[in-house]
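Work through the following exercises with the model open. Each task is followed by a solution in steps.

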Amino acid sequence: MLLVAGCSDDPLTPEEQLRSLLSEAESYLEERDLTSAMAFVDPAYGDKNGRDFRGLKAMLLGYFMRHKSIHIISKIDQIDLRSAHESEVVLFAGLAGSPQEAEMAPAQWRGDLLRLQLLFKRKDGGDWRLQMADWRRATPQDFAF
């Protein structure tokens with residue numbers, strides 16, 4: 001998708017920008033590249049669990065230390081463009097220590113199933129940055145799209 005967009009004179013829409021950002025961030029998380037993954041997070045990040053930027057970074061570092069291999073399958077449920085500078089994204093993600101099949105039924109998934117609600121903001125037409133995240137364990141029923 002990025003190659004096709006790169007050949008076009010038309011700039012990416014905000015939705016396309018967010019989809020691209022999420023795909024790139026997912027790759028960095030699978031590679032356990034903390035520095036690159038955190039580049040998508042706003043320094044003013046805060047969540048309902050009281051984590052700030054440093055707290056999120058510490059949580060991810062702990063996850064990376066506990067899991068030598070990370071495999072992610074995700075599906076964006078919705079992108080709500082609230083304004084030109086703010087967007088909410090809801091996505092479902094499966095995290096596992098070994099490769100899983102994308103076509104696998106969620107009940108067969110061998111790993112964690114999560115529902116993530118993400119708030120992205122950008123300043124003055126700049127890059128989107130994660131401002132807030134809320135997540136909970138998902139159920140197989142959440143994946144019945």
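**Exercise 1. Helix α2**

Task: State what backbone feature R32 shows just after α2, then check the length of helix α2 against the expected span.

Solution. Just after α2, R32 takes a positive phi of about 60 degrees. The structure is a predicted model. Helix α2 covers residues 14-30, which is 17 residues. The expected span is 1.5 Å times one less than the number of residues, so helix α2 should span 24 Å. The end C-alpha atoms of α2 are 24 Å apart, which agrees with that value.

Task: Which residues in α2 are buried?

Solution. The cut-off for buried is under 20% relative accessible area. In α2, L18, S20, L21, L22 and A25 are buried. As a general point, an α-helix has 3.6 residues a turn, so residues three or four places apart point the same way.

**Exercise 2. The aromatic pair**

Task: Find the 1 aromatic pair of the structure and describe its geometry and setting.

Solution. The structure holds 1 aromatic pair. Its members are Y28 and F40, with ring centres 6.0 Å apart and 35 degrees between the planes. Planes under 30 degrees apart would count as stacked and over 60 as edge-to-face, so the pair of Y28 and F40 is tilted. Y28 sits in helix α2, whereas F40 sits in the loop between α3 and α4 (53-66); they are 12 residues apart, and the pair links distant parts of the chain.

Task: Is F40 buried or exposed? Classify Y28 as well.

Solution. F40 has a relative accessible area of 12% and is therefore buried. Y28, at 21%, is partly exposed.

**Exercise 3. The surroundings of S74**

Task: Place S74 in its element and list what S74 touches.

Solution. S74 lies in strand β1, residues 71-83. Its relative accessibility is 36%, so S74 counts as partly exposed. Leaving out residues up to four places away in sequence, S74 touches E26, L91, F92 and A93. With E26, the contact is polar and joins the two side chains at 2.5 Å. F92 is 18 residues from S74 along the chain, and their C-alpha atoms are separated by 5.6 Å.

**Exercise 4. Confidence**

Task: Which element of the protein chain has the lowest mean pLDDT, and which the highest?

Solution. The chain averages a pLDDT of 86, and 82% of the residues score at least 70. Among the elements, helix α1 (residues 2-6) has the lowest mean, 47, and helix α3 (residues 34-38) the highest, 97. Over residues 1-5 the pLDDT is below 50, and this stretch has 4 contacts in the model beyond near neighbours in sequence.

Key. Residues are numbered from 1 along each chain as its sequence is written. This is a predicted model: local features need pLDDT of at least 70, side-chain atom pairs count only at pLDDT 80 or more; totals for chains, interfaces and linings use all residues. Side-chain values use heavy atoms; hydrogens and water are left out. Helices (H or I, at least four residues) and strands (E, at least two) are DSSP runs, numbered from the N terminus. Buried means under 20% relative accessible area, exposed over 50%, partly exposed in between (1.4 Å probe, protein chains only). Contact means heavy atoms within 4.5 Å. A polar contact is a pair of N or O atoms within 3.5 Å; within protein, one must be able to donate a hydrogen and the other to accept it, and residues adjacent in sequence count only if both atoms are side-chain atoms. pLDDT is the predictor's confidence in each residue, from 0 to 100. Rings of Phe, Tyr and Trp (its six-membered ring) pair if their centres lie within 6.5 Å; planes under 30 degrees apart count as stacked, over 60 as edge-to-face and the rest as tilted.
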